[in-house]
Amino acid sequence: LAAGAAALAPRALRAQQKDVEIAMLVPLSGPWARQGILEKLGAEMAIDDVNKAGGIKALGGAKLKLLQFDTQDSAEKAKDAAQRMLAQNPDLVGGFGCWLSTFTLAATEVTERAHLPWLTLSYSDLITGRGYKYVFQSSPTAVQQAEDMVPVIMALAEKATGKRPTKVASIGDNTAASVSFRKPIESHVLKDQKLTAVINEIYTPPLSDATTLVQPVRSARPDFVLLTSTNVPDDKLLLDNFSEFGMPPSKLPLIGNGGTWAV
């Protein structure tokens, strides 16, 4: 009997092992939903892989459980969602999100106070520049991207055309990642690369009409345009307007920064 009980004990322990709950807080509705949905699909695939491989061996094969929360379309709503997430789920071991840096900055104020480990793919340097101990950033920051990206663009342009660009137009929104990205560009990157900014347009997303942003570019005649929009609908509207004004990417290089341009 003793031997039988000993053999059954690990099995009983595994059966009683609670799921390991991980939170995902991303935009699943609103202008930034496309990116959040893609992040959701990736997370579901990763968790399915772990669970099919036997779960977390160090915890007796415990399964991962993904809890999904929607930031919606503003920093205030993202912060509210983070507060509800913590209040309703006391067993969370960690989480990730919120894709858009503006949302991440708001939500991590809440998760930091709760000492909840949080992983983000967001770019803004402020996210890990506030001295927080429970926030972890895996992507290159916006400043690093800006300092690395523009010299690469210049080298590619020179290789393709035989001459270095001298004029650039910039159009982007005022979300946190874009603000961080533009800061080094305006302070030293353009000067270092001997570039002159002939257009520098900043808007509040989402866009309803990009005409006033795009039209001045035609008369300014830049060598390329740097686009720091952060959601797919805005990207599409900008591209459509450039084409309507006779400046499709085949005639004027339009260079986007961020995951939206890959989806």
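**Entry 1: helices H5 and H6**

I began with helix H5 (residues 142-161) and helix H6 (residues 176-192), which pack at an angle of about 50° with their axes 8 Å apart. I note at once that this is a predicted model. Are H5 and H6 parallel, perpendicular or oblique to each other? Angles from 35 to 65 degrees fall in the oblique class, and H5 and H6 are therefore oblique to each other. I looked up the handedness too: the crossing of H5 and H6 is right-handed.

Next I listed the residues that touch. On the H5 side I found Ala142, Val143, Gln145, Ala146, Glu147, Met149 and Val150. They meet Ala177, Ser180, Phe181, Pro184, Ile185, His188 and Val189 in H6. I sorted this contact by class and got 10 nonpolar, three polar and one charged residues.

**Entry 2: helices H7 and H8**

I turned to another helix pair. Helix H7 (residues 211-220) and helix H8 (residues 232-244) have axes that come within 9 Å and cross at roughly 40°. That angle makes H7 oblique to H8. I noted a right-handed crossing for H7 and H8.

Which residues of H7 meet H8? I found Thr211, Leu213, Val214 and Val217 in H7, facing Leu238, Asn241 and Phe242 in H8. By class, this contact of H7 with H8 holds five nonpolar, two polar and no charged residues.

**Entry 3: the four-stranded sheet**

I moved on to the sheets. One open sheet has four strands in the order E7-E6-E8-E9, with parallel pairing. Its edge strands are strand E7 (196-203) and E9, and each pairs on one side only. Neighbouring strands here are turned by 20° against each other on average, direction ignored.

Which helices pack on this sheet? H5 does, touching E8 and E9, and its direction makes about 155° with that of E8. H8 packs on the sheet as well, touching E6, E7, E8 and E9. The direction of H8 makes about 160° with that of E8.

**Entry 4: strand E8 up close**

I looked at the neighbours of E8 in turn. Strand E6 (residues 167-173) runs parallel to E8, and five bridges join them. I picked out one pair: Val168 has Phe224 in E8 as its bridge partner. E8 also pairs with strand E9 (residues 254-256) in the parallel sense, over three bridges. There, Val225 stands opposite Leu254 in E9.

Is strand E8 (residues 224-228) buried or exposed? Five of its five residues are buried, so E8 is largely enclosed by the rest of the structure. I checked each face. Phe224, Leu226 and Thr228 are buried on one side, and Val225 and Leu227 are buried on the other. I reminded myself that side chains in a regular strand alternate between the two faces of the sheet.

**Entry 5: the five-stranded sheet**

My last stop was an open sheet of five strands in the order E2-E1-E3-E4-E5, with parallel pairing. Which strands stand at the edges? Strand E2 (64-70) and strand E5 (135-137) do, each with a single partner strand, so one side of each lacks a neighbour in the sheet. The twist averages 25° from one strand to the next.

I looked at one pairing in detail. Strand E4 (residues 118-120) and E5 run parallel and are joined by three bridges. Leu119 has Phe136 in E5 as its bridge partner.

Then I added the helices. Helix H3 (residues 75-88) lies across strand E1 (20-26), E2 and E4, at about 165° to E1. Helix H4 (residues 101-113) lies across E1, strand E3 (94-97), E4 and E5, at about 165° to E4.

Notes
Residues numbered from 1 in each chain as written. Predicted model: local features only at pLDDT ≥ 70, side-chain atom pairs only at ≥ 80, totals over all residues. Heavy atoms only, no water. Axes fitted to C-alpha atoms, helices over the stretch in contact; angles between N-to-C directions. Helix = DSSP H or I, 4+ residues; strand = E, 2+ residues; numbered from the N terminus. Parallel < 35°, antiparallel > 145°, perpendicular 65-115°, else oblique. Left-handed = near helix turned anticlockwise from the far one by under 90°. Contact = heavy atoms within 4.5 Å. Nonpolar A, V, L, I, M, F, W, Y, C, P; charged D, E, K, R; others polar. Buried < 20%, exposed > 50% of the residue type's maximum accessible area, 1.4 Å probe, protein only. Pairing = 2+ DSSP bridges.
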